[in-house]
Amino acid sequence: MKPTLETLIQETLQKEKRNLFSFLTGAGISSESGLPTYRGSDGIWIKGTKYHKPEEFGTFKYFSQNQEEVWQYNLFWKKLIEEAKPNQGHFTLSEIENLLSEKFQLITQNVDGLHQKAGSKNVFEIHGNKQTVRCASECSGVMLIPSELKSKDLSEDLSEKDIELLHCQNCEDWLRPNTLWFDESYNEKLYFLNSTLKAAKNTGVLFVIGTSGATTLPQMIAETVLQYGGFLVEINTEEDSYFFERFSRTKKYILIKEKASDALIKIKEMIEKYK
Ligand SMILES: [Zn+2]
């Protein structure tokens, strides 16, 4: 018999070990803030008459041949991100973090920084953050995007000043967005590969919110949670994700068919009740 969500939360709060409440979020949680989801048709980038899918232009290979175009796209996104406000789902997660403190871990695939804007403190950004940059030759660490750099409209070209600001002050190579591209691999230093898998081993319940699970680290995190005895709770109005396909027939998977912000409020109330 599968436990109910309420029983699962109650029991996890009483556990001495492997009692972490981990939350894995994807673009779905930010769509209520008006940001386009990366994999939806609105994630397509149109430059001139060329249509690009994220899988084509979201690569280091493409960047190394088209730096100005990739930066133009990213400075358009900078504008969307600066204007976006966290929604109820982000705020409720931050409240859950305050309730659970060290028993809480947030892992996000999002690069929009909205969790931090809502007050979340302990966040593993496994695909990076669009508000930070690093040298494309990796000669230095992660830096905030230069503050003088202005965001752009879709059709706006880079100015000479923009191009100057987008070059590394040490080695003069281009700066690059500090995000994981499709032809790159996860690592600990930039994308918290080991830290998230360690958290997964100590997780009593992993909540999956707004992600289809198309990338490998989220899949590994879910596998690891289940392998070490934890549960997986997916919040999704559809039965369409990797997690549903892979785990819905197991006893340690629960599907909550509700909007993320509604489900999170219920989860928060259950934690308050049994804490
Ligand atoms: Zn450099």
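This briefing covers two buried residues and one pocket of a predicted model. Local features need pLDDT of at least 70 and side-chain atom pairs count only at pLDDT 80 or more, while totals for chains, interfaces and linings use all residues. Residues are numbered from 1 along each chain as its sequence is written, and side-chain values use heavy atoms, with hydrogens and water left out.

**Histidine 115**
- Histidine 115 sits in helix H7 (residues 114-117); helices are DSSP runs of H or I with at least four residues, strands are runs of E with at least two, and both are numbered from the N terminus.
- Histidine 115 counts as buried because its relative accessibility is 1% (buried is under 20% relative accessible area, 1.4 Å probe, protein chains only).
- Beyond four places in sequence, histidine 115 touches residues including Thr25, His90, Asn110 and Val123 (contact is heavy atoms within 4.5 Å).

**Tryptophan 71**
- Tryptophan 71 belongs to helix H5 (residues 67-83) and, at 1% relative accessibility, is also buried.
- Among its contacts beyond four places in sequence are Phe63, Trp174, Arg176 and Pro177.
- Isoleucine 163 is 92 residues away from tryptophan 71 in sequence, with 9.1 Å between their C-alpha atoms.

**Second largest pocket**
- The second largest pocket has a volume of about 250 Å³.
- Its lining has 13 residues, of which Pro146, Leu165, His167, Gln169 and Leu175 are the closest to the centre.
- A pocket is an open set of points on a 1 Å grid where a 1.4 Å probe fits, with protein on both sides within 12 Å along at least five of seven lines; lining residues have an atom within 4 Å of a point.
- Strand S7 (143-144) and helix H8 (160-165) each give at least two residues to this lining.

Note on methods
Buried means under 20% relative accessible area, exposed over 50%, partly exposed in between (1.4 Å probe, protein chains only). Grid points are joined across faces, edges and corners, and a volume is the space filled by probe spheres set on the points.
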